[in-house]
Each structure stands twice: as structure tokens, then as C-alpha cells.
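Reader: I am new to this structure and would like to go through it slowly, with the reasoning behind each answer. Could you show it first?

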Amino acid sequence: MQVPSQIDHIGIAVRSLEEASRFYRDVLGLDCGGSEEIPDQKVRVVFFQLGEVRIELLEPTADDSPIARFLDKRGPGLHHIAYRVDDLPATLAALKSAGVRLIDEAPRDGAHGMKIAFAHPQSTNGVLTEFCQHAR
Ligand code: ZN
């Protein structure tokens, strides 16, 4: 398969974007990209830019949000790592043929117009893994 070009972002599950942002914005001094709601995933996210990589904070917007379930089970913390790829459909096909268990068989809409898909942590050493393709 085509090698991912870089780590795109690291996703961190939080109970409150506002509260969690204080560390990244006020203590570390990172640039904040503003928040965005992703109704499909029942989350509100905010990105902080750090060189070529971003930190993505995810806050649930509903009790049945996957992030709400994650927080109930494990509390706030590292949620996923996202790899940037140029051709997400081709990447998903390659992963599938390599026997990787996919949560998303087809790309779906992420923040900032990205197309995203998740691979199951069972196939990725316990780390929820996202693959994302930026809009051109
Ligand atoms: Zn993400």
C-alpha cells in the first residue's frame, strides 16, 4: 500500500473543550483553529497546530456519542492517531486486503472537509487508528 505521508493529528477525548483547551492554548501557547461540530460522530472538535501535526480535542455532544462511551469507560485521554494519506479509498482497499479490520469500509466526512476512516484497534496494536485525506 501507499505509505502514509505523516502523522496528521493525535486525537484526545475530553469532557470539556473549553477546559481542556486551557492547557494547549494558554499553557503551551499553541494556535487554535476554532471549534467545529461533526454531527455524524456526535462530537465537537478543536484543533491545535504544532508544526505539521495537530492535536485534536474531541468533546461528546450526546450521551450516545462514541466519545461519551469512551469517556465513561476510560476517562479523558489518548483516543486515536491519524495518518495522512493521498488516496483514502485505495488505502482502505489495501488495508482490507492485508486483513486489517476496518470500522469504516468507506470514507466518511471528518472535520475541515477531510475524508476519514477508522481501523479497529484489534488490528492496530490497541490504538484506534484513523486514516485521513485532506480536501484538495
Ligand atoms: Zn481524528
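Author: What follows is a set of questions and answers about the sheet, the aromatic rings and the nonpolar cores.

Author: This is a predicted model, in which local features need pLDDT of at least 70 and side-chain atom pairs count only at pLDDT 80 or more, while totals for chains, interfaces and linings use all residues. Residues are numbered from 1 along each chain as its sequence is written, and side-chain values use heavy atoms, with hydrogens and water left out.

Reader: Which are the edge strands of the open sheet?

Author: Strands are DSSP runs of E with at least two residues, and helices are runs of H or I with at least four, both numbered from the N terminus; two strands pair if DSSP finds at least two bridges between them. The open sheet has 8 strands in the order S2-S3-S4-S1-S5-S8-S7-S6, with mixed pairing. The strands that pair on one side only are S2 (31–38) and S6 (108–109).

Reader: Which residue in S3 is the bridge partner of serine 35?

Author: Strand S3 (residues 43–50) runs antiparallel to S2, and 6 bridges join the two. In their hairpin, which has 4 residues between the strands, lysine 42 takes a positive phi near 55°. Glutamate 37 stands opposite arginine 44 in S3, and the bridge partner of serine 35 is valine 46.

Reader: Why is the pair of phenylalanine 23 and tyrosine 24 called stacked, tilted or edge-to-face?

Author: Rings of Phe, Tyr and Trp (its six-membered ring) pair if their centres lie within 6.5 Å, and planes under 30 degrees apart count as stacked, over 60 as edge-to-face and the rest as tilted. By this rule the count comes to 3 aromatic pairs. The rings of phenylalanine 23 and tyrosine 24 have centres 5.0 Å apart and planes at 80°, so this pair is edge-to-face.

Reader: Is tyrosine 24 buried or exposed?

Author: Buried means under 20% relative accessible area, exposed over 50%, and partly exposed in between (1.4 Å probe, protein chains only). Phenylalanine 23 has a relative accessible area of 42% and is partly exposed. For tyrosine 24 the value is 13%, so this residue is buried.

Reader: Which residues touch the most other members of the largest nonpolar core?

Author: A nonpolar core is a set of buried Ala, Val, Leu, Ile, Met, Phe, Trp, Tyr and Cys residues joined through side-chain atoms within 4.5 Å. The elements that give two or more residues to the largest core are S3, helix H2 (66–74) and S7. Of its 16 residues, those that touch the most other members are Val45 and Ile67.
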